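Biologist: I'm new to this one, so could you take me slowly through a single part? A close look at one helix and what surrounds that helix would be great.

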Amino acid sequence: MDVSHILDPLNDAQREAVSAQDQNLLIIAGAGSGKTRVLTHRIAWMVQVEGTSPYGILAVTFTNKAAAEMRGRIEHLMGAPAGGMWVGTFHGIAHRLLRAHWQEANLPKTFQILDSDDQYRVIKRILKSLDLDESQYAPREAQWFINAKKDEGLRADKLHDNGDHHLHELIRIYKIYEEQCQRGGMVDFAELLLRTHELLNNVPSVLEQYRRRFSKILVDEFQDTNTIQYSLLKLLAGNESSMFAVGDDDQSIYGWRGAKIENIHQYNRDFANVRTVRLEQNYRSTKTILGASNALISNNSDRLGKELWTDGSEGDLITVYTAFNERDEANFVIQQITKWMDEGNPRNESAILYRSNAQSRVFEEALIRQRIPYRVYGGLRFFERMEIKDALAYMRLIANRDDDASFERVVNTPTRGIGQRTLEILRATANENKKSLWQAAVIIMENKLLPARAATALHAFLVLINDMSKGSDNLPLHELAEQTIESSGLKEHFKKEKGEKGSARIENLDELITAARSFIQSEEEADLDPLSAFLSHASLEAGEQQGSEWEDCVQLMTLHSAKGLEFDTVFLCGVEEGLFPHQRSVDEPGRLEEERRLCYVGMTRAKKHLFISHAEMRRLHGSDNYCTPSRFISEIPKEYVNEVRPMTSMTPSYNHKTKAKPSSAIKIEVEITDGLKLGQRVTHAKFGEGVIVNYEGHGSHARVQVNFNHAGSKWLVAAYANLATV
DNA sequence: CGCAGCACCTTTTTT
DNA sequence: AGGTGCTGCG
């Protein structure tokens, strides 16, 4: 067998990892060191050189995107579809196992997946029914609690309150939630993993079957595994299988949702003779960017130890820009991007990264003003939209009448006269009889427990769902979707919603029909009927953003969503104390180190140019705040940095600020000409309201640059512009 | 039962 | 500032 196509493109360390004979490996793969390449080449090596059957391979990732990419690259490398191989996310794989063994897992065959929004609603309903003080028991907190416990593998009956009343109540909520989910055949994301873990743990024959099958297990982003995921891997691997874990402790940024870096150490203890291979050669960034990133991350303790290096050029210095406010920051960034585009570079090789989603707005406004196409990642995804979830809830009821979450969602959407009162009776009946809401409704109808009017309304709903369900088996998926949207009254309902929002919803509903039409059931979902497959797909892969995806766009996203990506030019924005590191992280050393890793992740996204900016003043939640530069900026050695202050040669004295009392709007103490200051809000007869962001000259010669809210940025001669202060 | 106005809160995100 | 969720009213 000619193996040159597998080994030739690799460096020594990569080659060592790919061709290692050891049973268990830990690959510490630094940013840009070719991690995915190593994973895919390892698989090709096992199949084409060692003769492993693809059937025996399990490759696990965290996101659908990563799974899709890996699958694609494996097929490309091996020149054949990855038949029989399991490549998927933890949740996707768990779902598959539960489907295959629903009986052993004590689930109904038609169990439905709850996304976090569904879960939130169920929990909120429980809190209501328990009549708990909502200020003390926030649904979010209860949801967080339940998920955290499940992630640790703990069921409600394993928990002890130790006399703590609050904890006692949370456990009680957890317990009731478990019961309701079980009754309705509803499985949330954490439950997928926990249930799978229990399945393997409790049913030796099933465990045996998969242990024998998966002789090779590969895990991506190992540093992001939480307790239950790690435990699942350990269980599946047993003593015989071989593990290939790839991760980077310096890029662990999900500790706040249960990821345990310690699993890397634990792996060394739990698995036999783990051989560690370090990938430290970086193929992405310049020496400057890498040097700065290395210096930054060296401030963290407890690292596994790793220093990235590169053969590449020094590259440009990192620009650190001190903006005077968030608008100035945005303008600077956009100015740099414009320059970049003028040099003939593609827009989508530039990315604006920030700590929190709220920061995107200022950049969006600036980009719109300059008519630069952009794309914001994150936010609501297709299958998470209200109208889509409504339509899906009808379809889910068709598939499974006992799905209480869906029942609650649409029983009175659109409004059909089933009110709070009626629902309360339904819930009470359901609780008493330990039945689903649907079954309770049937009981109520049979025993005539409702006033005539409500009974008619409820009856109409039951008939509606039954009618919709009739013949749905033979209907192609998209026709079912279409019929659902029509006869549920959803289309009518949203048509009434005025303005652009309503028409957007109608468009989305049409899009759902399109999605149903183009939905292709994958081979591994062959055990499901098309409707169930489609519904699982909707929950498990909430769907990438709406269109314009492939257009050449400036990329905007949070630092978290930037992990795994790379761009020629990266703007790291809002790098200020309190924002980044985030206020809620500064007090705890562990959290602070995670913020630092986040900064490291952000910096190492850049291939050629890195810009870091911070504003001296930032409008946040409606009020102005003075901000100091982030400690992370000072952790970057000066020799890598080129400091830039706002515009031109006239550096105004606000750098050595004479801080005014922080009460009135903006108080930069530089007067340009009578009454006009940098940062001053002004109105112009034609351009409307704006802010002065820059100026040239003094007195009657002064020209000021004003960022107008709607008219964009303009240079005006102060003497003629007739600017009124606000 | 449905709507409109008010109070509240605000990190990061995948599945 | 802006969105969401709840309360109170029609």
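Biologist: Which are the buried residues of helix H11?

Modeller: Quick ground rules: the model is predicted, so local features need pLDDT of at least 70 and side-chain atom pairs pLDDT 80 or more, while totals for chains, interfaces and linings use all residues. Residues count from 1 along each chain as written, chains are lettered from A and ligands numbered from 1 in the order written, and side-chain values use heavy atoms, without hydrogens or water.

In H11, the buried ones are Ile-228, Gln-229, Tyr-230, Leu-232, Leu-233, Leu-235, Leu-236 and Ala-237. Buried is under 20% relative accessible area, exposed over 50%, and partly exposed in between (1.4 Å probe, protein chains only). That's eight of the eleven residues in H11 (227–237), a mostly covered helix. Helices (H or I, at least four residues) and strands (E, at least two) are DSSP runs, numbered from the N terminus.

Now the two ends. At the start of H11, Asn-226 puts a side-chain oxygen within 3.2 Å of the backbone nitrogen of Ile-228. Just after H11 comes Gly-238, with a positive phi of about 60°.

Tyr-230, buried in H11, also belongs to an aromatic cluster with Phe-222, Tyr-267 and Phe-271. Rings of Phe, Tyr and Trp (its six-membered ring) pair when their centres lie within 6.5 Å; planes under 30 degrees apart are stacked, over 60 edge-to-face, the rest tilted.

Away from H11, there's more ring business, as the structure holds 18 aromatic pairs. Take Phe-383 and Phe-534: their ring centres are 6.1 Å apart and their planes sit at 80°, so this pair is edge-to-face. It ties together distant parts of the chain, 151 residues apart: Phe-383 is in the loop between strand S11 (374–376) and helix H16 (386–399), and Phe-534 is in helix H24 (530–540). Both Phe-383 and Phe-534 are buried, too.

Rings also meet charges here. Arg-375 has its charged end over the ring of Tyr-377, 4.0 Å from the centre, and Arg-401 lies over the face of Trp-438, 5.3 Å from that ring's centre. The test is NZ of Lys or CZ of Arg within 6 Å of the ring centre and within 35 degrees of the ring normal.

One last stop is Ile-352, which is in strand S10 (350–354). Ile-352 has 0% relative accessibility, so it counts as buried. From Ile-352 to Arg-401 is 49 residues in sequence but 46 Å in space, C-alpha to C-alpha.

How values were computed
A polar contact is a pair of N or O atoms within 3.5 Å; within protein, one must be able to donate a hydrogen and the other to accept it, and residues adjacent in sequence count only if both atoms are side-chain atoms.
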